[in-house]
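Q: Please take a close look at one part of this model and work outward from there. Which residues and elements surround it, and how do they pack?

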Amino acid sequence: MKLYDFLESGNGYKCRLLLSQLGRPFELVLLDILRGETRTPDFLARNPNGRIPLLELDDGRRLVESGAILLYLAEGTPFLPDDPFARAEVCQWLFFEQYSHEPNIAVARFWRHFQWAERAGDPYWERALAERQAQGRAALEVMETHLQSRDFFVDERYTIADVALYAYTHVADEGGFDLAPHRAVRAWLDRVADQPGHVPITQADFDA
Ligand SMILES: N[C@@H](CCC(=O)N[C@@H](CS)C(=O)NCC(=O)O)C(=O)O
């Protein structure tokens, strides 16, 4: 398997983390999104949406969208419950991550972490950033409330719902988010980081 990815990407990291925890060998193909390497004719032929992560199977089939990749890889493993309701709850949190969490926390992080120099001082951008941060704080509050009475998001065990939400939450400070008031979220981050096979977002070496 090949995973086309960008090391700083939380969306790519979700897939790297799960592959590592599943002990599945894969080749990491790193592209630089800051240099437009996902917008080349070659990559657009693989994913017309011009984005990583992209998982290419040994038989040539391809899958994009981090949530879909997680669902595919987790099928038949302890990372995805068999029970239909619990599976739907996992999807509920994957969809929450993509609609309420990632577009705010990941985008605020991208703007501040990678584009600060070119954007700082632009009042339109400052307002847009503040709006994303407000929405991101609301998403963190939803997580905090949920985790106050649970160790993990679904079924009292570590699933791909935790993998998906961990990816950008653990680097939320880079988007200007203060996790200090979110005690339950911080304790959950520690529990996730303690899971067997955990790898940091910066790890680039994997068994192929
Ligand atoms: N919804 C997608 C988002 C993918 C995405 O936004 N990828 C970004 C990196 S995190 C990207 O490839 N950006 C490059 C570009 O837009 O040119 C997912 O969850 O995989």
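A: **From one loop residue outward**

Leu 31 is buried, because 21 other C-beta atoms lie within 10 Å; the cut-off for buried is 20 or more. The model is predicted. Leu 31 sits in the loop between strand S2 (27-30) and H2. Leaving out residues up to four places away in sequence, Leu 31 touches Tyr 4, Phe 6, Glu 37, Thr 38, Phe 43 and Ile 52. Ser 9 is 22 residues from Leu 31 along the chain, and their C-alpha atoms are separated by 11 Å.

Take Ile 52 from that contact list. The peptide bond from Ile 52 to Pro 53 is cis, with omega near 0°. Most peptide bonds are trans. Pro 53 lies in the loop between helix H2 (41-46) and strand S3 (54-56).

Gly 50 is also found in the loop between H2 and S3. How buried or exposed is Gly 50? Gly 50 is partly exposed, because 15 other C-beta atoms lie within 10 Å. Buried needs 20 or more, and exposed means 12 or fewer. Outside the residues up to four places away in sequence, Gly 50 touches Thr 38, Arg 39, Phe 43 and Leu 44. Thr 38 and Phe 43 thus touch Gly 50, and they touch Leu 31 as well. Gly 50 and Leu 70 are 20 residues apart in sequence, and their C-alpha atoms are 19 Å apart in space.

**The ligand**

Which residues come nearest to the ligand? Of the 14 residues around the ligand, Ser 9, Asn 11, Ile 33, Arg 51 and Ser 66 come nearest. By class, this shell has 4 nonpolar, 7 polar and 3 charged residues. Ser 66 returns below, in H3.

**Two positive phi values**

Most residues other than glycine have a negative phi. Glu 65 has a phi near 80°, a positive value. Glu 65 lies in the loop between strand S4 (62-64) and helix H3 (66-74). Glu 65 counts as partly exposed, because it has 17 C-beta neighbours inside 10 Å.

Asp 155 has a positive phi too, near 65°. Asp 155 lies in the loop between H6 and helix H7 (160-169). Asp 155 has 17 C-beta neighbours inside 10 Å, so it also counts as partly exposed.

**H7 and its cover**

Now follow the chain into H7. In H7, 10 of the 10 residues are buried, so the helix is largely enclosed by the rest of the structure. The buried residues of H7 include Ile 160, Asp 162, Leu 165, Tyr 166, Tyr 168 and Thr 169. What covers them includes helix H1 (10-22), H3, H4, H6 and H8.

H3 gives one detailed view of that cover. The axes of H3 and H7 come within 10 Å and cross at roughly 150°. The crossing is right-handed. From H3 come Ser 66, Gly 67, Leu 70, Leu 71 and Ala 74; they meet Ile 160, Val 163 and Ala 164 in H7. By class, this contact has 6 nonpolar, 2 polar and no charged residues. Ser 66 is therefore part of the H3 contact with H7, and Ser 66 is also among the residues nearest the ligand.

**H6 and its two partners**

H6 is another part of the cover over H7. Two of the packings of H6 can be set out.

The first is with H4. Helix H4 (residues 84-114) and helix H6 (residues 123-147) pack at about 135°, with their axes 8 Å apart. H4 and H6 are therefore oblique to each other. Their crossing is left-handed. In H4, the contact residues are Ser 100, His 101, Asn 104, Ile 105, Val 107, Ala 108 and Trp 111. In H6, they are Leu 129, Arg 132, Gln 133, Gln 135, Gly 136 and Ala 139. By class, this contact has 6 nonpolar, 6 polar and 1 charged residues.

The second is with H8. The axes of H6 and helix H8 (residues 183-193) come within 7 Å and cross at roughly 75°. H6 and H8 are therefore roughly perpendicular to each other. Leu 140, Met 143, Glu 144 and Leu 147 in H6 meet Ala 184, Val 185 and Trp 188 in H8. By class, the contact of H6 with H8 has 6 nonpolar, no polar and 1 charged residues.

Terms used
Residues numbered from 1 in each chain as written. Predicted model: local features only at pLDDT ≥ 70, side-chain atom pairs only at ≥ 80, totals over all residues. Axes fitted to C-alpha atoms, helices over the stretch in contact; angles between N-to-C directions. Helix = DSSP H or I, 4+ residues; strand = E, 2+ residues; numbered from the N terminus. Parallel < 35°, antiparallel > 145°, perpendicular 65-115°, else oblique. Left-handed = near helix turned anticlockwise from the far one by under 90°. Contact = placed C-beta atoms within 7 Å. Nonpolar A, V, L, I, M, F, W, Y, C, P; charged D, E, K, R; others polar. Near = placed C-beta within 6 Å.
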